[in-house]
Amino acid sequence: MRKLAFTRAREDRAPLIVTASAIHALDETGSRPEAFLVFEDRVRRLGSLEECRETASTLSPREPEIRDFGDAVVVPGFIDAHAHPLMLGQMMSWVDCGPERAGSIPEIVALLQEAAREIPAGRPIRGYGYEQRNLAEQRHPTRFELDEVATDREVYLMNASGHGGVVNSYTFELHGVTRDTPNPQGGEFFRDGDGELTGELSDAACNVLTGLEGVKIGHHGPNFHLADEPEEHRRQLAAAQENFLAGGVTTIGDAQVSRREFDMYLRLADTDDLKVRVSMYLLSHLLDEAIEMGLHGQFGNEHLSFAGIKFYSDGTLGGWTAYFPDGYVGDPCRTGQLYHDPRDYTELIKKAHRVGLQTATHSQSPTALEMVIGAIEEALAERPDADARHRIEHCGLPTPEQIERMARSGIYPVNQPQHHFNWGEGVEQAIGTPGERFNPLGEFERAGVPVTISSDAPVADPRPMEAIQAAVSRVTRRGTQLGPESLGVSVDTALRGHTISAARALGREDDLGSIEAGKRADFAVLAADPYRTPVEDLANVAVLETWVGGERVYAREA
């Protein structure tokens, strides 16, 4: 892969020497130095405290600052290779209707009603976080139940999957959706046995919520991000990055960038308010424009860069829109959908691959994965590239044979263990016992396929230690062991999956992902050593501080 050029100038400052009870560099040798030296924004030396002092004296006449974190532990800054920061920022101002706050539909309605009393008249009411199989009723709410919240303004309740949800009757009326409205390509307005709208909508059908000025993505993916004023989007992104930093995340792969997200990042970068590093994946409807502009590889500076093109092959397991042509065990009438005709999709992948662009395709079901893997194989056969690093996002249920082919083609799956932590039982209910293989990280590792971990925030909170616990234990939030232990991975593999392996998935391993001389000085300070913490307690290991480029950008309140 092509490497990025970094140009941002750094102010002069004294060298910094970091030491702690343990420093896990997560380099290839697994070194645990006593200390490391930071000068400007890079790591310059690892070794003993005295060795770092000696090197510091050759770099600057200024006395080095010694930062001793005592009993705390230092690890590289976590890299969240697949997330949706703007969506996270939006939902931080929405009503939390997740399992910790609501276990039934009446409880959800009550939360939304409470919010409606506080939100000014006419403004939409938006909730998030429900997972229908976690509710007492074991179903989605209906538009009639949301009508109890409001009948004179929009009400939207987003499913935990992020790929759909439920609206009230007013929302359908406002946007002219009736029982006779056809389903859009890549989405569905769900109907009952009599053909009446239930209020549930999925994937591309959510485009109706964006109004005339919203971004219309169509068969190139669902439209997660609802339209707000530019300054409000800017505020949302700023709030979201603080959320990532609180989890020790220093670099994000934004897996759904349209012009709107791009503009917001440029605004933050222009005012020097972009504290995390962001690698952007432009949505596939921008592929031709990217090629025309000459975006034939990575470019950017150390904080904001272009990485590749994002595609969708099918929907989500959580929302039952991933493509299972024979139907779901939980509902044989539902099949989900493919976003593209397989031949059309293959041509898109080949077009991107010909000019050297990395692709990242959302894909969950074995059928959808077959389309993706087959397309990548064709692209590689046409133009061989041993380091193309095409990605498959989520990659929930590949067959063993598909995993072997992924290894041969150098494909990087980017998984989210918090998904099986939060609703792994629901996948089994949806598709039967094959669902216990959801996120088969252990199988990837044994086949030589890289293990990469991310959050998919806001579908899950950007809390890497929770993701690491889920990857190791395979135990869900309800205490269910999801499949055999062999599907899990070690603490070391999981930590690397959220740091150096994630950096490779972004094409930034020369600069990020481990604490090594020459790399950016991004690191997180943990309250306990993950290698010495019981697996069931990993999620509770607190992030005390987060550093980016040798500067502290987050400190936990005492």
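**Strands, a crossover and a helix pair**

In this predicted model, Val95 of strand β8 has Gly127 as its bridge partner in β9. The two strands, β8 and β9 (residues 125-130), run parallel and are joined by 2 bridges. They belong to an open sheet of 6 strands, arranged in the order β8-β9-β10-β11-β13-β12, with mixed pairing. Its edge strands are β8 (95-96) and β12 (187-191), each of which pairs on one side only.

Another set of pairings involves strands β7, β14, β15 and β17. Strand β7 (residues 78-83) is largely enclosed by the rest of the structure, because 6 of its 6 residues are buried; buried here means under 20% relative accessible area. β7 pairs with β14 in the parallel sense, over 4 bridges. Within this pairing, Phe78 stands opposite Val249 of β14.

β14 (residues 249-257) also pairs with β15, again in the parallel sense, and here there are 5 bridges. Ile252 has Val278 in β15 as its bridge partner. Between these two strands the chain passes through α7, giving a β-α-β crossover from β14 to β15 that is right-handed.

β15 itself (residues 277-283) is mostly covered, with 7 of its 7 residues buried. What does β15 pair with over 6 bridges? The partner is strand β17 (residues 304-312), and the pairing is in the parallel sense. Leu283 stands opposite Lys310 of β17. Taken together, the parallel pairings described here link β7 to β14, β14 to β15 and β15 to β17.

The helix of the crossover, α7, also meets another helix. The axes of α6 (residues 230-246) and α7 (residues 259-270) come within 10 Å and cross at roughly 70°. Angles of 65 to 115 degrees count as roughly perpendicular, so α6 is roughly perpendicular to α7.

Which residues of α6 meet α7? On the α6 side they are Pro230, His233, Arg234, Leu237 and Ala238. Facing them in α7 are Arg260, Met264, Tyr265, Arg267 and Leu268. By class, this contact between α6 and α7 has 6 nonpolar, 1 polar and 3 charged residues. Helix α7 thus appears in two settings: in the right-handed crossover from β14 to β15, and in the contact with α6.

How values were computed. Residues are numbered from 1 along each chain as its sequence is written. This is a predicted model: local features need pLDDT of at least 70, side-chain atom pairs count only at pLDDT 80 or more; totals for chains, interfaces and linings use all residues. Side-chain values use heavy atoms; hydrogens and water are left out. Axes are lines fitted to C-alpha atoms, for helices over the stretch in contact, and angles run from 0 to 180 degrees between N-to-C directions. Angles under 35 degrees count as roughly parallel, over 145 as roughly antiparallel, 65 to 115 as roughly perpendicular and the rest as oblique. Contact means heavy atoms within 4.5 Å. Ala, Val, Leu, Ile, Met, Phe, Trp, Tyr, Cys and Pro count as nonpolar, Asp, Glu, Lys and Arg as charged, and the others, Gly among them, as polar. Buried means under 20% relative accessible area, exposed over 50%, partly exposed in between (1.4 Å probe, protein chains only). Two strands pair if DSSP finds at least two bridges between them. A crossover is right-handed if, with the strands pointing away from the viewer, the path from the first strand over the helix to the second runs clockwise.
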